[in-house]
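The following exercises concern charged and nonpolar side chains in a protein model. Please inspect the sequence and the structure before reading the solutions.

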Amino acid sequence: TSVSKDDAIRRGNELNEDLCEEGFVLLKNDNSALPLQKGAKIRVFGKNSVNPVYNGSGSGGTNNDNAISIYKSLRNADFKVNEVLEAFYNNNSRSGPARDGNPSIETGVQVLATAETPYSYYTDDVTRSYSDYNHAAIIVLSRIGGEGWDLPRISGDDSSRHYLELDPNEQELVRQVTKAGFGKVIVLVNSLSIMEFGWAEDGTYGKIDAALYVGGPGNSGMNALGKILNGEVNPSGRTVDTWAADFMEAPAAKNFGDNGKADGNVYTVNGAAKYFNFVDYEEGIYVGYRYYETRGLNDSAWYDTNVVYPFGYGKSYTKFSQTIVNKDEIDGEEIKKGEKITVKVNVHNTGSTDGKDVVQIYATAPYTPGGIEKAHKVLVGFAKTEVIRAGQSKTVEIEIDPYDFASYDYNDANGRNGKGYE
């Protein structure tokens, strides 16, 4: 059946909003700071609150003229939003220039500015309005990313920091907001990449009550923000990478392209440096969560210091317990090529709020030094439940294909007179 272009766009926007309701990740929620009561009076901080990241850059960039803004999402959810600060950020002559949303690939850009407003620009008429709309403060942190160039190791606002750290203006903003007396302080991470986030957990710049990761939500997805903040939607998203305390401590960071520098990763053509950048890939399987989970296996102190939020992490407004119900059937079962394993997990909502949970199955394979490299944990299956009402349970079945956690033995490291997947 044919549909009109307008109808196709409408359906696409509805689907995108649904995906964001399912995918936004509640990172932190101390003392049940969220959800907020409908009608709460909120102040939104951050220059990028009026210029959020909706999508990728390069060919991933789109026209966002009709995008649902952060402010519209909050108002759609029956929150009251202070207009003084909103107008301040919209006035570039007062709050400073806006960030470049989609830098040209041809510029050879090596630095990106966050464009956060220096706190010295906040005039008395702005700070006086803090006493109004003081039920909660939302601090917006935005980072772009996409086609054409890697994220820089040097921030455009501070050469001593990389782009995915807080810059000095953001640090000062967090300090000022957390001591201003708002009922709750919530951080909104609006970024195409995860950020260094240890400061939000250890209170380096002040106490944060809650944090939510929304990524780049597209033109319609930001509307899910208000629904999650007022409790209409119970968040059920999970992290898809490890949120580390210090990105530069990971081995992969040592090989990441230091492009544009004399000793950086830049190809030379006929003796002249060109913008043909490269990244050495030397870590083998030890990237992302497979590195952190393996490195921290026998060193919990190291793990706790370096991992802020693990892979597959995400909070909810309720609590769940999970139990494998067919453990006796699969315990000791021989793994055979071509045969799959079904794990049945009962998920019980032990809290007082309806919600969805995510079941994740990981495999651990034995690793013999000198043999095939094996990470300590490998995700081999997952499933999200339907909405489970408070006090009720659902059982999900996850089928595992052992091939998914096989390793390729290219040089017969196991001495079995053969090469291939084992």
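Three exercises follow, each with a worked solution, and all values come from a predicted model.

**Exercise 1.** Determine which side chain of opposite charge is nearest to Lys47, and describe the surroundings of Lys47.

*Solution.*
1. Locate the residue: Lys47 sits in the loop that runs between strand S2 (41–45) and helix H2 (70–76).
2. Look for a charged partner. Glu116 is the nearest side chain of opposite charge, at 8.2 Å. A salt bridge requires a nitrogen–oxygen pair within 4 Å, and Lys47, although buried, has no salt bridge.
3. Look for polar partners instead. The side chain of Lys47 makes a polar contact of 2.7 Å with the side chain of Asn92. The Lys47 side chain also reaches the backbone oxygen of Gly96, at 2.8 Å.
4. Complete the environment: leaving aside residues up to four places away in sequence, Lys47 touches several residues, among them Tyr89, Ser95, Pro97, Ala98, Ala115 and Thr117.

**Exercise 2.** Examine the salt bridges of Glu22, Arg161 and Lys394, giving the partner of each residue and the burial or exposure of the side chains concerned.

*Solution.*
1. Begin with the total: the structure contains 23 salt bridges. As background, side chains of opposite charge can pair when their charged atoms come close.
2. Glu22 pairs with Lys356, with the closest N and O atoms 2.4 Å apart. Because Glu22 belongs to helix H1 (residues 5–23) and Lys356 to the loop between strand S12 (341–349) and strand S13 (358–363), the pair ties together parts 334 residues apart in sequence. Glu22 has a relative accessible area of 28% and is therefore partly exposed.
3. Arg161 pairs with Glu165, the closest N and O atoms being 3.3 Å apart. Arg161 is partly exposed at 23% relative accessibility, whereas Glu165, at 16%, counts as buried.
4. Lys394 pairs with Glu386, where the closest N and O atoms are 3.6 Å apart. Lys394 is partly exposed, with a relative accessible area of 33%, while Glu386 counts as exposed at 57%.
5. Finally, consider linked pairs: a network of salt bridges joins Asp7, Arg10, Arg11 and Glu14.

**Exercise 3.** Identify the residues that make the nonpolar surface patch of about 560 Å², and place Tyr403 in the fold.

*Solution.*
1. The patch is made by Tyr403, Tyr408, Tyr410 and Tyr421.
2. Tyr403 lies in the loop between strand S15 (393–400) and strand S16 (408–409).
3. The relative accessibility of Tyr403 is 51%. Exposure requires a value over 50%, so Tyr403 counts as exposed.

Note on methods
Residues are numbered from 1 along each chain as its sequence is written. This is a predicted model: local features need pLDDT of at least 70, side-chain atom pairs count only at pLDDT 80 or more; totals for chains, interfaces and linings use all residues. Side-chain values use heavy atoms; hydrogens and water are left out. Helices (H or I, at least four residues) and strands (E, at least two) are DSSP runs, numbered from the N terminus. Buried means under 20% relative accessible area, exposed over 50%, partly exposed in between (1.4 Å probe, protein chains only). Lys and Arg count as positive and Asp and Glu as negative; His and the chain ends are not counted. A polar contact is a pair of N or O atoms within 3.5 Å; within protein, one must be able to donate a hydrogen and the other to accept it, and residues adjacent in sequence count only if both atoms are side-chain atoms. Contact means heavy atoms within 4.5 Å. Patches are made of residues with over 30% relative accessible area and no salt bridge: like charges are joined within 9 Å, nonpolar side chains (Val, Leu, Ile, Met, Phe, Trp, Tyr) within 5 Å. Accessible areas come from the Shrake-Rupley method with a 1.4 Å probe; for residues, only the protein chains shown count as cover.
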